[in-house]
Amino acid sequence: MAHSAPLGALEQPCPIRVEHDRKRRQFTVRLNGCHDRAVLLYEYVGKKTVDLQHTEVPDAYRGRGIAKHLAKAAMDFVVEEDLKAHLTCWYIQKYVKENPLPRYLERLQP
């Protein structure tokens, strides 16, 4: 016999998992199943340079650290792929300022 979870248990936050779609040049986090999602968009602006352009989290999910996970995934991608990054997105600029890791700072394009 299956046990039903108490109502409060269903509202527990799921771990945030960032997915990277290289073809669409975006990082995403699925929210509420797969209906809603947070996204970070980027474009290649040179052979070894990416422009981290825009981060968007639906209003209902803001303030939960989701954008921070997207920004970290994007900056880690830049490091792992030995790329340079141009930060058009204000949120990623803020993230790097708050997390001034040498591996991130040396990748920034002025």
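Q: Which side chain meets aspartate 76 in a salt bridge?
A: In this predicted model, the side chain of lysine 72 meets that of aspartate 76 in a salt bridge, at 2.5 Å from N to O.

Q: Where do those two residues lie?
A: Aspartate 76 and lysine 72 both lie in helix α1, which covers residues 66–80, and they are four residues apart, about one turn of the helix.

Q: Is aspartate 76 buried or exposed?
A: Aspartate 76 counts as buried, because its relative accessibility is 14% and the cut-off for buried is under 20%. Its partner lysine 72 has a relative accessibility of 39% and counts as partly exposed.

Q: What about glutamate 98, which side chain does it meet in a salt bridge?
A: The side chain of glutamate 98 meets that of lysine 94, with 3.4 Å from N to O. These two residues are separated by about one helical turn, because they are four residues apart in helix α2. Glutamate 98 is partly exposed with a relative accessible area of 48%, and lysine 94 is also partly exposed, with a value of 36%.

Q: Which residues are joined into one network by salt bridges that share partners?
A: That network is made of Arg17, Glu19 and Arg30.

Q: And how many salt bridges are found in the whole structure?
A: A search of the whole structure finds eight, and one of them links arginine 62 with aspartate 59, whose closest N and O atoms are 2.8 Å apart. Arginine 62 is exposed at 51% relative accessible area, and aspartate 59 is exposed too, at 61%.

Q: Changing topic, what order do the strands of the sheet have?
A: The sheet is open and has five strands in the order β1-β2-β3-β4-β5, with mixed pairing. From one strand to the next, the twist averages 25°.

Q: Which strands stand at the edges?
A: The edge strands are β1 (18–21) and β5 (84–87), and each has a single partner strand, so one side of each is left without a neighbour in the sheet.

Q: How many bridges join β4 to β5?
A: Four bridges join β5 to β4, which covers residues 49–56, and the two strands run parallel. Within this part of the sheet, aspartate 51 has histidine 86 in β5 as its bridge partner.

Q: Which strands does helix α2 lie across?
A: Helix α2, made of residues 90–98, lies across β3 (36–46), β4 and β5, and it runs at about 120° to β5.

Q: How many residues does the largest nonpolar core have?
A: The largest nonpolar core has 28 residues, and those with the most contacts inside it are Phe27, Val50, Leu52, Met75 and Ile92. Two or more residues come from each of β2 (26–31), β3, β4, α1, β5 and α2, and α1 gives the most, with nine residues.

Q: Which residues does leucine 52 touch?
A: Leaving aside residues up to four places away in sequence, leucine 52 touches a list of residues that includes Leu40, Leu41, Tyr42, Ala74, Met75, His86 and Ile92.

Q: Last one, what is the mean pLDDT of the chain?
A: The mean pLDDT is 89, and 85% of the residues reach 70 or more. Over residues 1–12, however, the pLDDT is below 50, and beyond near neighbours in sequence this stretch has one contact in the model.

Terms used: Residues are numbered from 1 along each chain as its sequence is written. This is a predicted model: local features need pLDDT of at least 70, side-chain atom pairs count only at pLDDT 80 or more; totals for chains, interfaces and linings use all residues. Side-chain values use heavy atoms; hydrogens and water are left out. Two strands pair if DSSP finds at least two bridges between them. Axes are lines fitted to C-alpha atoms, for helices over the stretch in contact, and angles run from 0 to 180 degrees between N-to-C directions. Contact means heavy atoms within 4.5 Å. A salt bridge is a side-chain nitrogen of Lys or Arg within 4 Å of a carboxyl oxygen of Asp or Glu. Buried means under 20% relative accessible area, exposed over 50%, partly exposed in between (1.4 Å probe, protein chains only). A nonpolar core is a set of buried Ala, Val, Leu, Ile, Met, Phe, Trp, Tyr and Cys residues joined through side-chain atoms within 4.5 Å. pLDDT is the predictor's confidence in each residue, from 0 to 100.
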